[in-house]
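Subject: Structure for you to look over

Hello,

Here is the structure I said I would pass on. Please open it alongside this message, since my notes come after it.

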Amino acid sequence: MSSSDIDDNSIAINDLPNDTEAAIRYIKKLLPVTVKNTFKHPPIVFIHQLYDILHDKTLINKELEILRKQSKIQKLTIGTSDSSSALILYEDYVKYTLNIYPENRCVNKFLNIILPSIKSFGVEKCTLLQKFKLQQYELTELINCGLLLIRNQESYWISFPSSGNFIKRYTEGRKYIIQIIKRRKFQEILENDLEVRCAKVSKIKELGFKYFLHDIKGSEDIIKMNTTSGCLLRIA
């Protein structure tokens, strides 16, 4: 075997997604085709959704850090948390943003130069002004485009266009499913029965039942139990 064969094999192996990246891409594929094809919502993946697939938080956190350093993912904070609770594949972040702002100079600079350099879900204002030489009007432009979300006077969260609309749809769908379970006797329901109850509900179809299912099963709000009739979901 020649050295070139070894090198080629090494490249192929290194290009393979790790388990966590594969899980991210699986969650992404659960989103309805209309969402993915029309860029109605960005393909956001919540970290706790991954916990329902891989069942190994240590592995997930380790591999997420590898993906972050490789600039394959963009971590995000959803809501008021000071920690990263969600992420998006960097390639999807760029596609989604450029679909909305295809010829915006500030947006292109942010995507091509700033974001790959900071590799975080937050950034200090002084870093943007001093290291990347942004002007105040450029900061304002990025805020107006939804790429920066004001954290405090000195820092920003990395965000995405129309984040409020996505968070609203996600919160409504999640709340609906939790309420279904809470209204049941003993606050529990079989997974198959839950899917039937949600089949024609528009606020669930918006992001897809399976997307929400991994969301609630991976969270600490639900206890999962395997029974002879299927997976039983119970309010924690």
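Below are my notes on one buried glutamine, the aromatic pairs and one helix packing.

Please keep in mind that this is a predicted model.

Gln74

Gln74 is part of strand E2, which covers residues 73–76. Its relative accessibility is 3%, so Gln74 counts as buried, the cut-off for that being under 20%. The side chain of Gln74 reaches the backbone oxygen of Ser120 at 2.8 Å. Ser120 is also among the residues that Gln74 touches, leaving aside those up to four places away in sequence. The others in that list are Ala86, Leu87, Ile88, Tyr90, Tyr93, Leu115, Phe121 and Ile158.

Aromatic pairs

Searching the whole structure gives seven aromatic pairs. One of them joins Phe121, a residue that Gln74 also touches, to Trp157. The ring centres of Phe121 and Trp157 are 5.5 Å apart and the planes are at 15°, so this pair is stacked; the limit for stacking is under 30 degrees. Phe121 sits in the loop between helix H7 (105–118) and strand E4 (122–124), while Trp157 belongs to strand E6 (residues 155–158), so the pair ties together parts that are 36 residues apart in sequence. Both residues count as buried: Phe121 has a relative accessibility of 19%, and Trp157 has 7%.

Tyr211 and Phe212 form a pair of another geometry. Their ring centres are 6.0 Å apart and their planes are at 90°, so the pair is edge-to-face. Tyr211 and Phe212 are both buried. They also belong to a cluster linked by ring pairs, together with Phe46, Phe160, Phe166 and Tyr170.

Helices H4 and H5

How do H4 and H5 pack, and at what angle? Helix H4 (residues 47–54) and helix H5 (residues 57–69) have axes 9 Å apart, at an angle of about 130°. H4 and H5 are therefore oblique to each other, as angles over 145 would be needed for roughly antiparallel. The crossing of H4 past H5 is right-handed. On the H4 side, Ile47, Leu50, Tyr51 and Leu54 take part in the contact. The H5 residues they meet are Lys57, Ile60, Asn61 and Leu64.

When you go through the model, I would begin with Gln74 and its contact to the backbone oxygen of Ser120, then turn to the stacked pair of Phe121 and Trp157.

Regards

Methods: Residues are numbered from 1 along each chain as its sequence is written. This is a predicted model: local features need pLDDT of at least 70, side-chain atom pairs count only at pLDDT 80 or more; totals for chains, interfaces and linings use all residues. Side-chain values use heavy atoms; hydrogens and water are left out. Helices (H or I, at least four residues) and strands (E, at least two) are DSSP runs, numbered from the N terminus. Buried means under 20% relative accessible area, exposed over 50%, partly exposed in between (1.4 Å probe, protein chains only). A polar contact is a pair of N or O atoms within 3.5 Å; within protein, one must be able to donate a hydrogen and the other to accept it, and residues adjacent in sequence count only if both atoms are side-chain atoms. Contact means heavy atoms within 4.5 Å. Rings of Phe, Tyr and Trp (its six-membered ring) pair if their centres lie within 6.5 Å; planes under 30 degrees apart count as stacked, over 60 as edge-to-face and the rest as tilted. Axes are lines fitted to C-alpha atoms, for helices over the stretch in contact, and angles run from 0 to 180 degrees between N-to-C directions. Angles under 35 degrees count as roughly parallel, over 145 as roughly antiparallel, 65 to 115 as roughly perpendicular and the rest as oblique. A crossing is left-handed if the near helix is turned anticlockwise from the far one by less than a right angle, and right-handed if clockwise.
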